[in-house]
Amino acid sequence: MSFRFLAIAFAIGLAAPAGVQAQPFPVTIEHAYGATIIPAKPERIVTWGWSNEDAVIALGEVPVGMPFQSYGGGDNGVHEWVEDALAALGAEVPTILDASGEPPIEQIAALNPDLIVAAYSGITEDRYALLSGIAPTIAYKGAPWSTSWQDLTLIIGKALGKDAEAQALVDDTTAWVQAEFAKYPRLKEVTFAGANDFDGAIAVYAPFDARMKFLTDFGMIMNPSVATLAPGDGAFYYPLSYELFDQLEADIFITYYEEQSALDAWLATPQAQTHPPIVRGGLAALVGTENVAAVSPPSILSLRWGLPRYLEILGAAADAVQTP
């Protein structure tokens, strides 16, 4: 049994502290499209979006359906940390939903769910209305694709009648993450920006993007230029032309690539070779689809799987820019 499997099993065990009484129903969950009333404890849960199933499973429940995760999910569309967590519960993999476009309404309806969770997603109001016609549906709060792993866990915990268990899980995971960050004290002494080369421009992750907020939550400092350059349109990223790339200032530059060959090709471009943080040795590049999926953004399950490697890369970049 792997260390990662044990970590997942340990985390799930924390989701059910002794003596916790069941939360009364109905419960109401507020979100971007209004409020959803959940009349009774859900028994048939369908998830849609990213990492919603992670929180459901971490809280000891198994969805009847969840989306195919093409990014980092392998041939079966299931992330390794989710497979580990299902194994820890002694559960089979749920029905995998077609995730090639909009939510597959007919496929979801056929599962006869009594709750649909899309608290980390980008579903439109029209799709929310269609899903709500099937079962009570939880959309995202605030902007699409911006719910933090903490809020996602607590929202889903409330929906499942497991408020106390969710809070215990978040508290323990937060303490573990803080201990991991504490191994790299220089990370609090540098500023950072995160972006990827995309569609002929630099796609800069906005300050409220979940993968960026995760870093600031634990003491890292986002360079003010990230917010200054942002257009304020509420998107989780914004495009920056190559000509303006140097205006994105930071000590370390964080980027994510599926393969080393793709990173190498980008590092050979003029914009990368002249970008000051990279020139100074402040490149923090996380490579490998599963490695990126685990922290970009993280979930209550994926953190223990992927954070140690991520921090090694961030810490090495921080050390490089501070070494005379």
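**Close-up views of a predicted model**

**View 1. Glu243 sits in a loop.** The place of Glu243 is the loop between β11 (237–240) and β12 (252–257). The model shown here and in every view below is predicted. Is Glu243 buried or exposed? Its relative accessibility is 70%, so Glu243 counts as exposed, because the cut-off for exposed is over 50%. Now look across to Leu311. The C-alpha atoms of Glu243 and Leu311 are separated by 30 Å. Along the chain, these two residues are 68 residues apart.

**View 2. Strands β1 and β2 form a hairpin.** Strand β1 covers residues 27–31, and strand β2 covers residues 34–38. Between them lie 2 residues. The two strands run antiparallel, joined by 5 bridges. One pairing to find is Thr28 in β1 with its bridge partner Ile37 in β2.

**View 3. The side chains of β1 take turns.** In a regular strand, side chains alternate between the two faces of the sheet. Which residues of β1 point to one face and are buried? They are Val27, Ile29 and His31. Thr28 and Glu30 point to the other face and are not buried.

**View 4. Helix α6 is mostly covered.** This helix spans residues 149–159. Of its 11 residues, 8 are buried. Among them are Trp149, Leu152, Ile155 and Ile156. Gln150 and Thr153 are buried too, as are Gly157 and Ala159. Just after α6 comes Gly161, with a positive phi of about 75 degrees.

**View 5. Glu53 is buried without a salt bridge.** Find Glu53 in helix α2, residues 52–58. Glu53 is buried, yet has no salt bridge. Where is the nearest side chain of opposite charge? It belongs to Arg211, 15 Å away. A salt bridge needs the nitrogen and oxygen atoms within 4 Å. Glu53 does have a polar contact, side chain to side chain, with Thr47 at 3.0 Å.

**View 6. Asp209 and Arg211 pair up.** Their side chains meet in a salt bridge, 2.6 Å from N to O. Asp209 is buried, with a relative accessible area of 0%. Arg211 is buried as well, at 10%. Elsewhere, salt bridges that share partners join Lys41, Glu61 and Lys162 into one network.

**View 7. Glu61 meets Lys41.** The structure holds 9 salt bridges. One of them joins the side chains of Glu61 and Lys41, at 3.1 Å from N to O. The pair links distant parts of the chain, 20 residues apart. Glu61 lies in the loop between α2 and β4 (65–67). Lys41 lies in the loop between β2 and β3 (45–47). Glu61 counts as buried because its relative accessibility is 17%. Lys41, at 34%, counts as partly exposed.

**View 8. Asp172 and Arg304 link two helices.** Their closest N and O atoms are 2.7 Å apart in a salt bridge. Asp172 lies in helix α7 (residues 163–181) and Arg304 in helix α14, so the pair ties together parts that are 132 residues apart in sequence. Asp172 counts as partly exposed, at 25% relative accessibility. Arg304 is buried, with a relative accessible area of 9%.

**View 9. Helix α14 has a kink.** The helix runs through residues 302–322, 21 residues in total. From its first C-alpha to its last, α14 reaches 30 Å. That is close to the 30 Å expected at 1.5 Å a residue. Where is the kink centred? It is centred on Pro308, with an angle of about 30 degrees.

Note on methods
Residues numbered from 1 in each chain as written. Predicted model: local features only at pLDDT ≥ 70, side-chain atom pairs only at ≥ 80, totals over all residues. Heavy atoms only, no water. Buried < 20%, exposed > 50% of the residue type's maximum accessible area, 1.4 Å probe, protein only. Helix = DSSP H or I, 4+ residues; strand = E, 2+ residues; numbered from the N terminus. Pairing = 2+ DSSP bridges. Expected span 1.5 Å × (residues − 1). Bend = angle between axes of the 7 residues up to and from the residue. Lys, Arg positive; Asp, Glu negative; His and termini not counted. Polar contact = N/O pair within 3.5 Å; in protein donor to acceptor, adjacent residues only side chain to side chain.
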